[in-house]
Amino acid sequence: MSIQQSDVLYTAVATAENGRDGRVATDDGRLDVVVNPPVEMGGSGAGTNPEQLFAAGYSACFQGALGVVARQEGADVSGSTVTAKVGIGKNDDGFGLIVEISANIPNVDAETAASLLKKAHEVCPYSKATRGNITVTLV
């Protein structure tokens, strides 16, 4: 279900210069990074790239969703980490993304961890935004 403009609590604003081979900065100056294509895609790899930025945002958002689900379930996810691997490759339309999400949740058993991941994937805003658009695998 989509939200309405009146429901928005916060809006992030970032501006890119020169696309994948330039600079990206937020309007508040808290993020200001050089972006370059990775070496694997023919770039210098000197700066970060959009896939790394997406992986960082997705993993942080998913970690937050994991915390929400854990509180609802009474599970202890303290000390946990979430890793997002974002791949880019050619597809029929040019390029596409694929994501793999994994978590290390030391205070729960494997079955509980898998259940928490699945539930977090249902509530995470990044997961909702990508659902049906790209392949996201939970491992």
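Contact here means heavy atoms within 4.5 Å. Keep that cut-off in mind for the exercises below, which all concern a predicted model.

**Exercise 1. The surroundings of Asn 49**

Work out where Asn 49 sits, whether Asn 49 is buried or exposed, and what its side chain reaches.

Solution.
- Step 1: place the residue. Asn 49 belongs to the loop that runs between strand 3 and helix 1.
- Step 2: classify it. Buried means under 20% relative accessible area. Asn 49 has 7% relative accessibility, so it counts as buried.
- Step 3: list its neighbours. Leaving aside residues up to four places away in sequence, Asn 49 touches Asn 36 and Pro 38.
- Step 4: look for polar partners. A polar atom of the Asn 49 side chain lies 3.1 Å from the backbone nitrogen of Glu 51. The Asn 49 side chain also reaches the backbone nitrogen of Gln 52, at 3.0 Å.

**Exercise 2. A residue of helix 1**

Find the exposure class of Ala 56 and the separation between its C-alpha atom and that of Asn 18.

Solution.
- Step 1: Ala 56 is part of helix 1.
- Step 2: its relative accessibility is 45% and the partly exposed class lies between 20% and 50%, so Ala 56 counts as partly exposed.
- Step 3: along the chain, Ala 56 and Asn 18 are 38 residues apart, and 21 Å separates their C-alpha atoms.

**Exercise 3. The two sides of helix 2**

Describe the span of helix 2, then decide which residues of helix 2 are buried and which are exposed on the other side.

Solution.
- Step 1: check the span. Helix 2 covers residues 110-123, 14 residues in total, and its first and last C-alpha atoms are 20 Å apart, close to the 20 Å expected at 1.5 Å a residue.
- Step 2: collect the buried residues. In helix 2 these are Ala 113, Leu 116, Leu 117, Ala 120 and His 121.
- Step 3: see how they are arranged. They lie on the same side of helix 2, because they cover an arc of only 140° around the axis. As a reminder, an α-helix has 3.6 residues a turn, so residues three or four places apart point the same way.
- Step 4: turn to the other side of helix 2, where Glu 111 and Lys 118 are exposed.
- Step 5: ask what the buried residues pack against. Their partners are helix 1 (50-73), strand 5 (94-104), helix 3 (125-130) and strand 6 (135-138).
- Step 6: inspect the start of helix 2. There, a side-chain oxygen of Asp 109 comes to within 3.1 Å of the backbone nitrogen of Glu 111.

**Exercise 4. How the strands pair**

Trace the open sheet of three strands, then follow the pairing of strand 5 with strand 4 and strand 6.

Solution.
- Step 1: the open sheet has the order 1-2-3, with antiparallel pairing. Its edge strands, strand 1 (14-17) and strand 3 (32-35), each pair on one side only. From one strand to the next, the twist averages 20°.
- Step 2: strand 1 and strand 2 (residues 22-26) run antiparallel and are joined by four bridges. Across this pair, Ala 14 stands opposite Thr 26.
- Step 3: eleven bridges pair strand 4 (residues 81-91) with strand 5 in the antiparallel sense. Thr 81 has Asn 104 as its bridge partner, and a hairpin of two residues joins strand 4 to strand 5.
- Step 4: strand 5 and strand 6 run parallel, joined by four bridges. Ile 101 stands opposite Leu 138 of strand 6.

How values were computed
Residues numbered from 1 in each chain as written. Predicted model: local features only at pLDDT ≥ 70, side-chain atom pairs only at ≥ 80, totals over all residues. Heavy atoms only, no water. Pairing = 2+ DSSP bridges. Axes fitted to C-alpha atoms, helices over the stretch in contact; angles between N-to-C directions. Expected span 1.5 Å × (residues − 1). Buried < 20%, exposed > 50% of the residue type's maximum accessible area, 1.4 Å probe, protein only. Arc of directions from axis to C-beta. Polar contact = N/O pair within 3.5 Å; in protein donor to acceptor, adjacent residues only side chain to side chain.
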